[in-house]
Amino acid sequence: MIGGDMGTWSITDARAWARERLTTAGIDSVDADVRELLEWACDASSQWELPAELNEDQAEKLRSAVGERALRIPLQHVTSRMFFRGLTLAARPGVFVVRPETEVLAGLAIDEAMSVVSRRGEARVVDLCAGSGAIGLAVAIETTRTEVWAVEKEAEPFALACQNRDAVGVPCLHLERGDATDPATLAHLDGMVDVVVTNPPYVPADEMPTQPEASADPHVALYGGSPDGTEIPARVARRALTLLRPGGVLLMEHSPTQEEAMAALAAELGMTDITTLPDLAGRRRFLSARAPESTKPTASVTQ
């Protein structure tokens with residue numbers, strides 16, 4: 001059967017057909033996309049669960065999905081799902097699709113939170129510019145005795161974050177709709193946060209993505225508000241500093257081209273232990289900086 005038009009369709013033939021269609025369409029990640037589309041169409045959790053032959057409904061789902069993907073519609077919009085550190089999250093147009101490198105950022109926040117817990121018995125983490133809620137959800141799930149707050153300004157991402165929180169089953173994640181740079185947002189936590197983690201809009205004007213799929217991401221989630229892309233990250237960093245306890249850490253994703261600028265900003269703010277850390281490809285993409293130490297007492301997470 002060609003393209004699943006009638007009768008049954010062997011998994012081998014379906015895979016070969018999908019590969020050919022996506023290769024012709026110029027998709028870079030053909031093998032990974034075909035695996036995901038087959039699993040999605042067959043409601044399988046792995047390649048090992050795929051049927052030997054697709055039934056009529058599965059074949060139709062695959063044909064439709066491959067057709068959409070061949071039009072360069074993002075894979076996550078075709079399947080309405082995305083994956084992040086073992087979580088399966090809902091995805092939808094109008095909301096930024098999480099990237100693999102951001103899993104590293106979440107891991108840094110998780111490690112820092114657990115380090116605080118080991119020393120003090122509890123921790124508080126705030127995720128600014130939370131989008132779909134992926135980072136906050138990962139931190140909430142992968143830590144213990146940690147209070148997690150996530151802030152998102154835009155309506156569609158905030159609604160999706162709420163949906164993902166409810167679907168994953170993490171009621172302890174506190175979601176706040178608000179401007180991450182506004183001093184009034186989470187003002188009751190000022191000076192009481194151990195970790196601020198953020199993947200803010202930071203793309204510089206001269207680093208506009210060229211892939212057709214990237215145009216599906218909302219510009220408000222991508223571009224940093226100035227030609228060099230650092231205006232919004234700088235405002236987020238200033239807000240983070242007021243949220244952090246003395247010695248608390250800011251972890252921020254940025255473009256590798258902004259490494260020096262973001263480190264300089266942290267130094268200008270009086271932060272210490274400033275470093276930039278690599279992503280999965282070894283590019284310096286994550287700022288780590290600590291709020292200056294102080295003898296000012298701060299409140300407990302359990303207060």
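1. UniProt positions follow the numbering used here, feature names are shortened, and annotations may be inferred rather than shown by experiment. With that in mind, an unreviewed UniProt entry assigns residues 13-79 to the feature "domain: Release factor glutamine methyltransferase N-terminal". The structure itself is a predicted model. In that model, residues 13-79 are 66% helix and 3% strand, and the C-alpha atoms at the two ends of the span lie 21 Å apart.

2. A second annotation from an unreviewed UniProt entry, "domain: Methyltransferase small", is placed at residues 117-203. The composition of this span is 31% helix and 28% strand. Its end C-alpha atoms are separated by 34 Å.

3. Confidence should be considered before any detail is read. The mean pLDDT of the chain is 93, and 95% of the residues score at least 70. Residues 295-303, however, have a pLDDT below 50; in the model this stretch makes 18 contacts beyond near neighbours in sequence.

4. Strands β3 (residues 81-84) and β4 (residues 87-90) are antiparallel partners joined by four bridges. R81 faces A90 of β4 in this pairing. The two strands form a hairpin with two residues between them, and R85, in the turn, has a positive phi of about 50°.

5. How are the seven strands of the open sheet ordered? The order is β7-β6-β5-β8-β9-β11-β10, and the pairing is mixed. At the edges stand β7 (173-177) and β10 (272-278), each of which pairs on one side only. On average, and with direction ignored, neighbouring strands of the sheet are turned by 15° against each other.

6. At one edge of this sheet, five bridges link β10 to β11 (residues 284-290) in the antiparallel sense. P278 is set opposite R284 of β11. Two helices pack on the sheet. Helix α7 (residues 155-168) touches β6 (146-152) and β7, and its direction makes about 165° with that of β7. Helix α8 (residues 231-243) touches β5 (123-128), β8 (193-198) and β9 (244-253), and its direction makes about 155° with that of β9.

7. The pairing of β10 with β11 also includes L277, which stands opposite F286 in β11. These strands form a hairpin with five residues between them. In the turn, G282 has a positive phi of about 85°.

8. Why can β9 be called largely enclosed by the rest of the structure? Nine of its 10 residues are buried, so the strand is largely enclosed; the cut-off for buried is a relative accessible area under 20%. Strand β9 runs parallel to β8, with five bridges between them, and M252 of β9 is the bridge partner of T198. Strand β9 is also joined to β11 by five bridges, here in the antiparallel sense, with V249 opposite R290 of β11.

9. Helix α8 has a further role in the chain path: together with β8 and β9, α8 makes a right-handed β-α-β unit. L241 is found in this helix. Is L241 buried or partly exposed? The relative accessible area of L241 is 21%, which means that L241 is partly exposed, given that buried requires a value under 20%. Apart from neighbours within four places in sequence, L241 is in contact with L269, M271, A291 and P292. For L241 and P292, the separation is 51 residues in sequence and 9.1 Å in space, C-alpha to C-alpha.

10. Helix α6 (residues 134-142) is largely enclosed by the rest of the structure, because seven of its nine residues are buried. Those buried residues are A134, I135, G136, L137, A138, V139 and A140.

11. Two loop residues merit a check of backbone geometry. C129 is not a glycine, yet C129 has a positive phi of about 60°; C129 is found in the loop between β5 and α6. L186, also a residue other than glycine, has a positive phi near 55°. L186 is found in the loop between β7 and β8. With a relative accessible area of 2%, L186 is buried.

Technical notes: Residues numbered from 1 in each chain as written. Predicted model: local features only at pLDDT ≥ 70, side-chain atom pairs only at ≥ 80, totals over all residues. Heavy atoms only, no water. Pairing = 2+ DSSP bridges. Axes fitted to C-alpha atoms, helices over the stretch in contact; angles between N-to-C directions. Contact = heavy atoms within 4.5 Å. pLDDT = per-residue confidence, 0-100. Buried < 20%, exposed > 50% of the residue type's maximum accessible area, 1.4 Å probe, protein only. Right-handed = clockwise from strand over helix to strand, strands pointing away.
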